[in-house]
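I opened this model to look up a handful of loop residues and helix packings. My entries follow in the order in which I worked.

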Amino acid sequence: PVHLDPDRLVNKAVKKAGCSDFGGDDYREGLGRFLESADNEAHLTLLGRLMVQGYTVDNLVNRLRVVDWRNTHPSVAKEAIVEPLFIIGLPRTGTTILHSMLEQDPANRSPLAWEVQHPVPPATPETFANDPRIATMQRTLDQLFELVPGFDAMHPMSATQPEECVAVFTQCFRSVQLQVQFDVPSYQAWVDDTDMRPAYEYHRRFLQHLQSGGVRGERWVLKSPAHLNNIDTLLDVFPDACIVHTHRDPIKVCASVASLTAMLRGAGSDHIDLHAIGRQQLDWWAKLVNQSLQQRKQLSARSDQFFDVKLRETVEDPLDVVRRMYAHFGFTLSDQVDERMRAFMASNPRDKHGAHTYQPEDFGIDPIRDREPFDEY
């Protein structure tokens with residue numbers, strides 16, 4: 001039997017990490033709710049239960065080690081996080097390509113997949129490009145691609161690509177990443193309505209941790225659709241943040257995310273109801289989108305901190321989008337960086353890893369019937 005008992009997994013993480021200070025107990029309720037939901041609702045196979053157990057322990061270990069490093073290196077708390085750039089908006093709206101393009105500018109610093117999943121010790125300039133943890137992370141991703149055929153075509157990933165903020169939030173167990181990988185509706189309902197401030201405060205401390213090793217830029221570049229209904233909290237914790245809000249037809253978004261979700265959940269469950277997943281995505285994203293609209297209205301006096309862009313603009317001319325974005329926020333775009341971005345786009349065309357095809361109808365989504373909840377958006 002593979003138990004999903006919170007106390008057992010916490011004890012296992014403490015033993016593995018060699019330390020016991022979690023930096024507070026804000027993670028505890030989310031941990032319990034996630035494991036209970038996974039146990040009772042996710043229809044997990046034995047492999048799925050092993051995945052949940054391993055995922056839980058790994059995230060608890062990372063949090064323990066980050067807190068322990070901060071306790072023994074008090075100078076980390078003095079690191080300043082200045083004008084971070086957040087890419088938010090619906091998923092599948094060009095956020096990944098924008099994030100990767102911005103990474104070509106040395107002035108920008110993104111958390112990379114390997115250092116988010118293996119954060120201690122923080123990377124140094126001398127080891128950043130050849131740290132052995134890069135190979136460890138790439139092996140993990142390669143195993144995922146074998147377990148979920150076609151995933152790399154839909155969502156390309158590598159150890160040295162930028163990682164999303166939800167991976168950091170997972171260390172607080174207040175993360176939408178968990179409901180993409182496992183069918184945990186009661187847990188996600190709790191996340192939607194809980195106070196996300198502890199997760200954002202931990203996120204800030206995590207950024208301080210990463211840059212304390214000496215790998216710095218002028219600004220952090222961060223990304224996640226999970227910020228959509230938490231824009232107000234984001235700006236409370238990062239008051240000088242610059243926000244890029246991406247947009248696309250939400251019906252197309254829901255179909256695309258439903259396809260991705262079904263693919264990932266299928267690794268740990270044999271109970272995959274495509275229409276149920278489609279309905280989950282429609283209801284959930286309508287809720288988040290409409291909450292984001294209300295928050296944008298309430299924050300209208302801070303409109304200079306926002307830059308809005310549609311997917312078709314990014315697809316047609318991503319460099320033009322970056323130039324306008326830089327001009328809006330007052331960033332400098334040198335000719336050299338412009339050329340680096342051009343070279344990146346040339347070597348990373350769309351569908352480089354293969355094409356992924358699906359239809360909204362596959363998930364019970366009707367483009368006409370299901371549009372009403374998104375009318376205002």
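**Entry 1: N230 and its loop**

I looked up N230 first and found its place in the loop between β3 (219-223) and α12 (231-237), where helices (H or I, at least four residues) and strands (E, at least two) are DSSP runs numbered from the N terminus. I note that this is a predicted model, in which local features need pLDDT of at least 70 and side-chain atom pairs count only at pLDDT 80 or more, while totals for chains, interfaces and linings use all residues. Residues are numbered from 1 along each chain as its sequence is written, and side-chain values use heavy atoms, with hydrogens and water left out.

Is N230 buried or exposed? N230 counts as buried because its relative accessibility is 10%, buried being under 20% relative accessible area, exposed over 50% and partly exposed in between, with a 1.4 Å probe and protein chains only. The N230 side chain makes a polar contact with the side chain of N229 at 3.0 Å, and a polar atom of the N230 side chain lies 3.3 Å from the backbone oxygen of A226. A polar contact is a pair of N or O atoms within 3.5 Å; within protein, one must be able to donate a hydrogen and the other to accept it, and residues adjacent in sequence count only if both atoms are side-chain atoms. Setting aside neighbours within four places in sequence, I list M196, Y200 and Q295 as being in contact with N230, contact meaning heavy atoms within 4.5 Å.

**Entry 2: E164**

I then turned to E164, whose place is in the loop between α7 (151-154) and α8 (166-169), and which is buried, with a relative accessible area of 16%. The side chain of E164 makes a polar contact with that of K223 at 2.6 Å. Beyond the neighbours within four places in sequence, E164 is in contact with H155, K223, S224 and P225.

**Entry 3: backbone checks**

I looked for backbone features in the loops and recorded a cis peptide bond joining V120 and P121, with omega about -5°; P121 has its place in the loop between α5 (113-117) and α6 (132-147). H43 has a positive phi of about 50° although it is not a glycine; H43 is found in the loop between α2 and α3 and is partly exposed, with a relative accessible area of 44%. E83, which is not a glycine either, has a positive phi of about 45°; E83 is found in the loop between α3 and β1 (85-89) and counts as partly exposed at 38% relative accessibility.

**Entry 4: R33 and helix α10**

R33 is found in helix α2 and is partly exposed, with a relative accessible area of 35%. Its side chain makes a polar contact with the side chain of E29 at 2.9 Å, and, leaving aside neighbours within four places in sequence, R33 is in contact with Y187 and W190. I followed those contacts into helix α10 (residues 185-193), where Y187, Q188, W190, V191 and D192 are buried. What covers the buried residues of α10 includes α2 (28-41), α9 (177-181) and α14 (274-298).

**Entry 5: two helix pairs**

How do the axes of α1 and α3 cross? The axes of helix α1 (residues 6-17) and helix α3 (residues 46-72) come within 9 Å and cross at roughly 50°, the axes being lines fitted to C-alpha atoms, for helices over the stretch in contact, and the angles running from 0 to 180 degrees between N-to-C directions. That makes α1 oblique to α3, given that angles under 35 degrees count as roughly parallel, over 145 as roughly antiparallel, 65 to 115 as roughly perpendicular and the rest as oblique. In α1, L9, V10, K12, A13, V14, K16 and A17 meet Q53, T56, V57, D58, L60, V61, L64 and R65 of α3. By class, the residues of this contact of α1 with α3 divide into 9 nonpolar, 2 polar and 4 charged, where Ala, Val, Leu, Ile, Met, Phe, Trp, Tyr, Cys and Pro count as nonpolar, Asp, Glu, Lys and Arg as charged, and the others, Gly among them, as polar.

For the other pair, the axes of helix α4 (residues 95-102) and helix α17 (residues 335-347) come within 9 Å and cross at roughly 135°, which makes α4 oblique to α17. I97, S100, M101 and L102 of α4 make the contact with M341, F344 and M345 of α17, and this contact has 6 nonpolar, 1 polar and no charged residues.
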